[in-house]
Amino acid sequence: MKRIVFLITAFLGLAMVNAQNVDFPLMFSQYGMNGTSAFIGKGGAIGALGGDIMSASYNPAGLGLYRSSEFTFSMGLDMNSTKSTYNGLVSKDSHPYFNYGNLGLVLDFNNGKKSSWKHVQLSFGLNRLMNFNNRVKISRKNLSRSYIDANYINYYDANGDGVLDNGFETSDVVKDDFFQSGVIGLDDEGNLYSEYFNGSFDQIIAYRESGYLNEFTMSISGNYSNWLYLGATLGIPFGDYTAKYMFSEQVTNANGVGKYNYNTEQDLSITGFNLKLGAIVKPVSFWRIGGAIHTPTFYSVDDDFYQEVSFDYTSGGWFNPITYRMQSPWRFIAGTAFVLGNNKSPISGTISLDYEYADYSFMSFDMDNDISTETNLNSEIENTLSGASNIRLGGEIKLDRLYIRAGYAYYGSPYESKDNNDLSWNYVTCGVGYKGKVCNFDLAYAYGKQKRKYYVYDEYDSGSQTWQADSSPSETTRTKHLIQATIGFKF
């Protein structure tokens, strides 16, 4: 509880360093470009096409297209790079990561020609929905105000008279890590002092994320008379997220005394459950129409936070861990696909299109022990987030046993105001595959690009006694290169 009050009040104005915020349910409510190589190669457009174990996490009716049992495993390499620009100063960072894609088993039961339910499938999968791996570096030089002056001190000295405001006990303030480390001092008369009140300042901010969102799926699906396919999935998503923030500020004028480092780490561990229902209709042999609905995911979150300030001394430590709940939005998927030829045709192909919608303003926090923070966060979600549309388009050409694929995907921004931030993704994908009588092998490549703004920290305006957003955010471009391989066995 102490940490929530300590940070949510904007006491720590670093926009990337806070306790609970709207980004947390957002991170665990979005899907990325990951999974099997066939799924990636077609841009993820399988909502009406089916025939892929990833259908369990999108439209489970697609599992009804299976006519034999199959085991699949996918893995690859995920390479992320970022370029950040602040007032013309460019900073770059990158790092490659091993990428897990999926592990899946589809058990197909053939009911024979006399039954209207031609095939029934039981499926189990462990699908990777999101990778959180990312590194961002931001450099800011020749600033006229330090973080200490523009943000931190004004929390304690709103009127700017250099004296600790009423309402703050000296004995409590001096326990703070910035005081304990020597960055800020307080004399016997309550006067605040610091080498960072005046001068010229350079800052370096490093932001490193890691983690994943996996989903264990248990699905049942069926094929009714080769024209109607139905499916249902019980999803159990789980994941870990770690965010490390390193903030370094240095006095650069002649009277400067060096730099201090402010580092934090936040670790989230989540588990949830949801239900997905889907249907695919085949009005004619070459045309499929699909649709699916996903209930919200109800998450339980374990949250740990660490902070440390180093200057004359080092002060910091782990806060008490807390547990709370989050809820993702409803999700709706509609798709259509055209299939030319069949498995016996020497040349055939597919074209598929998916549309997906989720209103992220309906996400919410649930905190039994802090109704005030819960109310503020849910209000911020409602005011800053909105509905987002995702579009996926894919094509495949079959040349005997060789498959050639290409796709495009657009994941829309969840923010109400796209001027303040965007977070939309654009993906271009391609892939090849070989399907033998028993063994399948697929390879895919995806290139993704995202532009966003990083607001390093807010500034406290002592006149209005309100927090003002960073007027000069860093513009960051993130690129992703994903190479994925899948091997499958039919039986």
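Is Asp366 buried, exposed or partly exposed? Asp366 is partly exposed, because its relative accessible area of 32% falls between the 20% limit for buried and the 50% limit for exposed. The legends below take this residue and several other places in turn. The model is predicted.

**Figure 1. The whole protein chain in the predicted model.**
The chain holds seven helices and 23 strands. Its C-alpha atoms fill a box of roughly 90 × 45 × 35 Å along the principal axes. Of its 491 residues, 54% count as buried. Among contacts between residues at least 6 apart in sequence, 72% join residues at least 24 apart. The average pLDDT of the chain is 90, and 94% of the residues score at least 70. Over residues 1-18, pLDDT stays under 50. For residues 1-18 the model has 69 contacts beyond four places in sequence.

**Figure 2. Surroundings of Asp366 in strand β16.**
Strand β16 covers residues 364-366. Leaving aside neighbours within four places in sequence, Asp366 is in contact with Tyr324, Arg325 and Glu374. Ala206 is 160 residues from Asp366 in sequence, and the C-alpha atoms of Asp366 and Ala206 are 31 Å apart in space. The relative accessible area of Asp366 is 32%, which makes this residue partly exposed.

**Figure 3. Asn214 and its contacts in strand β7.**
Strand β7 runs over residues 201-224. Asn214 counts as buried because its relative accessibility of 6% is under the 20% limit. Its side chain is joined to that of Arg128 by a polar contact of 2.3 Å. Not counting residues up to four places away in sequence, Asn214 touches Tyr100, Leu126, Asn127, Arg128, Ile236, Pro237 and Phe238. Arg128 thus appears both in this list of contacts and as the partner in the polar contact.

**Figure 4. Helix α4 and the cap at its N-terminal end.**
Helix α4 takes in residues 147-156 and is mostly covered, with eight of its ten residues buried. The buried residues are Tyr147, Ile148, Ala150, Asn151, Tyr152, Ile153, Asn154 and Tyr156. In an α-helix there are 3.6 residues a turn, so residues three or four places apart point the same way. Ser146 caps the N-terminal end of the helix, where a side-chain oxygen of Ser146 lies 3.3 Å from the backbone nitrogen of Ile148.

**Figure 5. Asn87 and Asn142, two residues with positive phi.**
Most residues other than glycine have a negative phi. Asn87 has a phi near 50°, and the phi of Asn142 is near 55°. Asn87 sits in the loop between β1 and β2, the latter covering residues 89-110. Asn142 belongs to strand β4, residues 134-143. With a relative accessible area of 65%, Asn87 is exposed because this value is over 50%. Asn142 counts as exposed at 61% relative accessibility.

**Figure 6. The second largest pocket and its lining.**
This pocket has a volume of about 1,300 Å³. Its lining is made of 44 residues, and those nearest its centre are Leu65, Asn343, Tyr403, Lys435 and Lys490. The elements that give two or more residues to the lining are α3 (37-41), β1 (70-86), β14 (331-340), β15 (347-359), β17 (387-399), β18 (402-411), β20 (439-454) and β23 (474-490). Strand β23 gives the most, with four residues. By class, the lining of this pocket has twelve nonpolar, 17 polar and 15 charged residues.

**Figure 7. The largest cavity in the structure.**
A search of the whole structure finds two cavities of 30 Å³ or more. The largest cavity has a volume of about 110 Å³. It is lined by 16 residues, of which Tyr31, Asn274, Thr297, Ser328 and Arg331 are the closest to its centre. Strands β7 and β9 (259-284) each supply at least two residues of this lining. By class, seven of the lining residues are nonpolar, six are polar and three are charged.

Definitions and conventions. Residues are numbered from 1 along each chain as its sequence is written. This is a predicted model: local features need pLDDT of at least 70, side-chain atom pairs count only at pLDDT 80 or more; totals for chains, interfaces and linings use all residues. Side-chain values use heavy atoms; hydrogens and water are left out. Buried means under 20% relative accessible area, exposed over 50%, partly exposed in between (1.4 Å probe, protein chains only). A polar contact is a pair of N or O atoms within 3.5 Å; within protein, one must be able to donate a hydrogen and the other to accept it, and residues adjacent in sequence count only if both atoms are side-chain atoms. Contact means heavy atoms within 4.5 Å. pLDDT is the predictor's confidence in each residue, from 0 to 100. On a 1 Å grid over the protein atoms alone, a cavity is a set of points where a 1.4 Å probe fits but cannot get out, and a pocket is an open set with protein on both sides within 12 Å along at least five of seven lines; lining residues have an atom within 4 Å of a point. Grid points are joined across faces, edges and corners, and a volume is the space filled by probe spheres set on the points. Ala, Val, Leu, Ile, Met, Phe, Trp, Tyr, Cys and Pro count as nonpolar, Asp, Glu, Lys and Arg as charged, and the others, Gly among them, as polar.
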